[in-house]
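Hello,

I am handing over the structure we spoke about. Please open it alongside this message and read the notes below it.

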Amino acid sequence: MKRKLLWAAGLLCVIAAVGVTVGLLQEYVFCHADHNRERVKGFFMEDAQTLDIVYLGASEVYSDIAPGYAYQRDGITGYLYATQANTILNYKSQLKDILSRQKNALVVIELNGALYDGEEITKEANLRNYSDHVPLSFNKVEWVAQNVTENRLEYLFPFMKYHGTWSDPDAQTEKEEKYRKTIANDKSRGYNYLKGVLNWTVKYKSPTPSLNAMLPAAADKRQPLDEQAEKGLRDLLEYCRSEKLTNVVFARFPHIVTEKTYDRFERSNTIGDIVAEYGFDYLNFERDIALTGLDEETDFYNPDHLNIYGQQKFTAFLTDYLTKHYTVVRHALNEKQQKEWDACADYYQAYVSYSEELIKSIKVKELSEDWELIEALEAYLPDKSTK
């Protein structure tokens with residue numbers, strides 16, 4: 001009997017060791033490490049019930065909003081739970097992720113992901129930019145069951161897809177190694193500094209005429225959504241209604257609209273109609289960009305994303321708008337959490353200074369949080385004691 005117990009105990013130890021080993025490999029080695037992973041992982045490192053506003057969406061979210069600036073300016077804590085080319089098929093699962101940890105936060109859902117066509121909606125990369133990086137949970141299992149028809153185990157256990165990551169080192173592998181180190185650093189301190197911000201050091205001027213001035217008068221223009229996009233949007237809205245959520249608001253962030261993208265504007269008007277059917281608000285800041293105080297000549301890095309100047313303007317505008325028109329719960333922070341957020345505000349101010357220097361030098365560069373950027377920002381910290 002004793003021998004059997006020892007054998008069982010040994011087997012359990014082996015299983016546990018394998019599980020831990022696989023978990024570490026999936027976390028740091030056999031994974032697609034990029035800014036999406038850093039941003040998603042960072043959200044789960046935030047202390048539960050400490051965020052006042054969480055933003056959900058695609059690249060408009062992480063280029064247009066700066067939580068560190070909102071905290072510095074207004075004492076509002078926030079996070080950018082967004083992934084590149086985020087498809088509407090991810091949104092409901094992402095909202096559940098948010099509510100599981102920040103149930104009292106106001107959730108602002110930017111609906112660019114409902115404007116894609118069928119190919120972009122179901123594109124593997126757009127799905128994996130989210131699913132590869134979230135912890136295994138019942139929510140993730142449900143998402144895979146609803147949205148994936150092939151290779152489901154690879155979505156549940158991403159190391160199965162990325163086990164050959166280091167077999168052919170190249171520039172992408174080098175970039176991923178930076179993010180692996182960044183995520184390890186984030187985890188050691190329990191949070192990331194920039195809360196998901198990514199921007200480019202560019203002042204964009206549209207080579208084709210902007211139609212933004214005429215958009216307020218075009219509120220009645222409509223085009224239908226892609227069938228899958230509308231289904232995904234209605235599924236999200238039905239979930240919000242069935243759960244009787246009162247802390248969600250839907251939005252369309254500012255863009256430079258041209259003749260090429262005007263049909264997208266008309267689809268965003270259709271989105272507003274659908275959102276209203278379910279009894280929720282849709283804040284269409286694209287329709288009236290003048291309301292936000294943004295300047296098309298100075299505040300964008302491309303037609304769809306704000307640069308560092310526009311980011312600060314829109315963060316200030318939207319924070320003021322949300323706190324005036326919606327219930328934003330100000331979560332009490334302990335001394336340790338306040339110190340962490342003070343550091344985040346300082347690092348964001350350093351991010352602004354560094355970005356401005358590069359823009360003035362006409363050096364075009366993507367600035368997303370990795371350990372090399374954080375080291376570079378230390379030279380710009382307004383208070384070196386926060387290092």
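What follows is a short account of the chain as a whole, then of one residue inside it and one patch on its surface.

Please keep in mind that this is a predicted model.

The whole chain

The protein chain has 387 residues, and 53% of them count as buried. Its secondary structure consists of 16 helices and nine strands. If you take the contacts between residues at least 6 apart in sequence, 81% of them join residues at least 24 apart. The accessible surface of the chain is about 17600 Å². Carbon and sulfur atoms account for 54% of that surface.

A residue in helix H11

Helix H11 covers residues 171-189, and Thr182 is part of it. Is Thr182 buried or exposed? Its relative accessibility is 2%, so Thr182 counts as buried, the cut-off for buried being under 20%. Which residues does Thr182 touch, leaving aside its neighbours within four places in sequence? Thr182 is in contact with Glu38, Glu369, Asp370 and Trp371.

A patch on the surface

Five side chains are worth finding in the viewer: Leu136, Val141, Leu153, Phe157 and Met160 make a nonpolar surface patch of about 420 Å². Of these, Val141 belongs to helix H8, which runs over residues 138-147. Val141 counts as partly exposed because its relative accessibility is 39%, and partly exposed covers the range between the 20% and 50% cut-offs.

Regards

Key. Residues are numbered from 1 along each chain as its sequence is written. This is a predicted model: local features need pLDDT of at least 70, side-chain atom pairs count only at pLDDT 80 or more; totals for chains, interfaces and linings use all residues. Side-chain values use heavy atoms; hydrogens and water are left out. Helices (H or I, at least four residues) and strands (E, at least two) are DSSP runs, numbered from the N terminus. Buried means under 20% relative accessible area, exposed over 50%, partly exposed in between (1.4 Å probe, protein chains only). Contact means heavy atoms within 4.5 Å. Patches are made of residues with over 30% relative accessible area and no salt bridge: like charges are joined within 9 Å, nonpolar side chains (Val, Leu, Ile, Met, Phe, Trp, Tyr) within 5 Å. Accessible areas come from the Shrake-Rupley method with a 1.4 Å probe; for residues, only the protein chains shown count as cover. A salt bridge is a side-chain nitrogen of Lys or Arg within 4 Å of a carboxyl oxygen of Asp or Glu.
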